[in-house]
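Below are some notes on the model, set out as numbered points. They deal with helix packing and with one pocket.

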Amino acid sequence: MTKRIFRAVFGVAMVMMLSITALVMGMMYEYFSNEQYKQLRSQAIYVAAGTQMNGQAYLLQTKNLSNRVTWIDEDGAILFDSKVDPTNMNNHKDREEIIAAFENGEGSSVRYSATILKKTVNYAVKLQDGTIIRVSEETISLFSIFLIMLQPLVVILVASILVSVALSFRTAKKITKPINDIDLERPELEVVYDELTPLLRRIAVQNKQLYDQMRELERQKQEFDTITSNMQEGILVLDMKAEVLSYNKGALLLMGIESPKDSSSVYELNRSEGFRRCVESALSGNHREENIQLADKVCQVFANPVTQERMVAGAILVLLDVTEREEREGLRREFTANVSHELKTPLTSISGFAEIMKNGMVKEADVPRFASNIYDEAQRLIQMVQDIIKLSKLDEKQIAMEKATINLESLVREVVKRLEPIAEKKGVTILVDTEPVSVVGVYQVLQEMVYNLCDNGIRYNRTDGMLTLTLQNKEKEVLLLVSDTGIGIAKANQSRIFERFYRVNESRSKETEGTGLGLSIVKHGAKLHNATVGLVSELEKGTTISISFPK
Ligand code: ADP
């Protein structure tokens, strides 16, 4: 804008200056030409009067005049000329001023030299005798004046241009400065030019609209950020080039990365085949789901295209941590396989015994033995099913989890009392070293845990062995120790005995009638009570299992 104003002001100044110069020059020239003409006429009249009175004698005096005086007779022949020899001169009858003087008594003419640098003004006056006196003055032409003045004119012009440039620049700056200084945030405060008022008002209105829209956008963004940053699920928003436009904390945590670089490709976050397939599918407009394996997690990716005006403009990836679900599914599959396997063994036995009996292949005397076998296997089945039910209840937390303060000492003694006949049968002595102590928990579950531990302590003991139960009320915990002098557990098996259906081979071979679920119930029961289970065992020496209830 400053440039345009500058050009306009400078242009106007230049045009004005040049036209005024030309006009003044023209007027001056016109004025001086008129004056010269008048003087020439007076001179011609004087010379004519002088010649009238004194004839040639007077004319001779005019030789000193700067102007040229010529005397012409009625035929146009030259009688006298103050500058040139008349014999060398042509007849002047057809000259414009002479013709006019013959006709009207006076006449004038202007003649330019061949180079138009000079002009001759002639004035002719008719005498009473019919002859003509002509006075001619040679002067420079307007063009010559222009050429003579050219140098000073150029100097003046350059000076004027410089002054005009400076003034135009200052003027342009002065005009635009208030406009440049307008505070566009609050344009209505400084109205310098009235003409700008409607524009500034409009800007103010649009400012307000923009501000409102920005606030709304900000609010929406904050809302979105709050939602996404508090989501455990990961979200990645991609553009058409598969560059990450936006992401949430969940995505970073899941993928185990700090933060993606600006406009980095999503493929840098994960290079697995499944992830690539998801991204490519979404960017080509199709939904896709895949499970991908991350360092220590399994992640489910839902990839959806983002469309704008029916064109795919990008993609949104939602990432779910399905590690636990996958693990649980794996465990469930394993559990189902184990259950089927474990149930099949006693059922096969029962079916075998029953088939033999049905075919009448059993002697009368053997019937009680066969019936006893069927009974034992059925009992084993019942025991197993009961254990499975208990475990699944603990799993699904279906047990009436009404926790209460339980006197653990009396619970332990009660369990010992129930197991004493079995211990006696096996020749195991039970020692109980307790102190009055209570924990907050579920009675039924605690009883099951203590029973299973003691039962194992008797079953995997040696004849004449010992089973010691200790209950200690410590400062930060209640500690239950179940210690036996039995067969012990090899180091390699120690980490696995709490798994479902896991039984150490040697103990299995001894047909100890276990289901492999007892310690699983202990582990889940402890979890329910936020207790920790510990194990110390040495082969052929014995095993101590501890349960620590936090206070
Ligand atoms: P089970 O019904 O077979 O006893 P558990 O889950 O109670 O099932 O125990 C799993 C396995 O751990 C047992 O089969 C046994 O081999 C081993 N085990 C458990 N307790 C003891 C123990 N006190 N002494 C030696 N081995 C034990």
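1. Helix 10 and helix 11 are roughly parallel to each other, because an angle under 35 degrees counts as such and their axes cross at roughly 30°. The axes come within 9 Å, helix 10 covering residues 408-426 and helix 11 residues 443-459. The model is a predicted one, which applies to every point here.

2. The crossing of helix 10 past helix 11 is right-handed. On the helix 10 side, the contact uses L408, L411, V412, E414, V415, R418, L419, I422, A423 and K426. Helix 11 answers with Y443, L446, Q447, V450, Y451, C454, D455, I458 and R459. Sorted by class, this contact holds 13 nonpolar, one polar and five charged residues.

3. Next, the pair formed by helix 8 and helix 9. Their axes cross at roughly 160° and come within 9 Å, which means that helix 8 runs roughly antiparallel to helix 9. Helix 8 passes helix 9 in a crossing that is left-handed.

4. From helix 8, the residues that meet helix 9 are F335, V339, E342, L343, P346, L347, S349, I350, F353, A354, I356 and M357. Their counterparts in helix 9 are V367, F370, N373, I374, E377, A378, R380, L381, M384, V385 and I388. The class count for this contact is 18 nonpolar, two polar and three charged residues.

5. Helix 9 also packs on helix 14, with axes 10 Å apart and an angle of about 25°. These two helices are therefore roughly parallel to each other. Here too the crossing of helix 9 past its partner, helix 14, is left-handed.

6. The contact between helix 9 and helix 14 involves D387, K390, L391, L394 and D395 from helix 9, together with S520, I521, H524, G525 and L528 from helix 14. By class, its residues divide into four nonpolar, three polar and three charged.

7. Which residues are closest to the centre of the second largest pocket? The pocket has a volume of about 920 Å³. Of its 27 lining residues, R328, L331, D395, R500 and H524 are the closest to the centre. Two of these names recur from the helix packing: D395 of helix 9 and H524 of helix 14 both take part in the contact between those helices.

8. Which elements each supply at least two residues of the lining of the second largest pocket? They are helix 8 (323-358), helix 9 (367-396), helix 14 (518-528) and strand 16 (532-538). Helix 8 gives the most, with eight residues.

9. As for the chemical make-up of this pocket, its lining comprises 10 nonpolar, five polar and 12 charged residues. For reference, the contact of helix 8 with helix 9 has 18 nonpolar and three charged residues.

Methods
Residues are numbered from 1 along each chain as its sequence is written. This is a predicted model: local features need pLDDT of at least 70, side-chain atom pairs count only at pLDDT 80 or more; totals for chains, interfaces and linings use all residues. Side-chain values use heavy atoms; hydrogens and water are left out. On a 1 Å grid over the protein atoms alone, a cavity is a set of points where a 1.4 Å probe fits but cannot get out, and a pocket is an open set with protein on both sides within 12 Å along at least five of seven lines; lining residues have an atom within 4 Å of a point. Grid points are joined across faces, edges and corners, and a volume is the space filled by probe spheres set on the points. Helices (H or I, at least four residues) and strands (E, at least two) are DSSP runs, numbered from the N terminus. Ala, Val, Leu, Ile, Met, Phe, Trp, Tyr, Cys and Pro count as nonpolar, Asp, Glu, Lys and Arg as charged, and the others, Gly among them, as polar. Axes are lines fitted to C-alpha atoms, for helices over the stretch in contact, and angles run from 0 to 180 degrees between N-to-C directions. Angles under 35 degrees count as roughly parallel, over 145 as roughly antiparallel, 65 to 115 as roughly perpendicular and the rest as oblique. A crossing is left-handed if the near helix is turned anticlockwise from the far one by less than a right angle, and right-handed if clockwise. Contact means heavy atoms within 4.5 Å.
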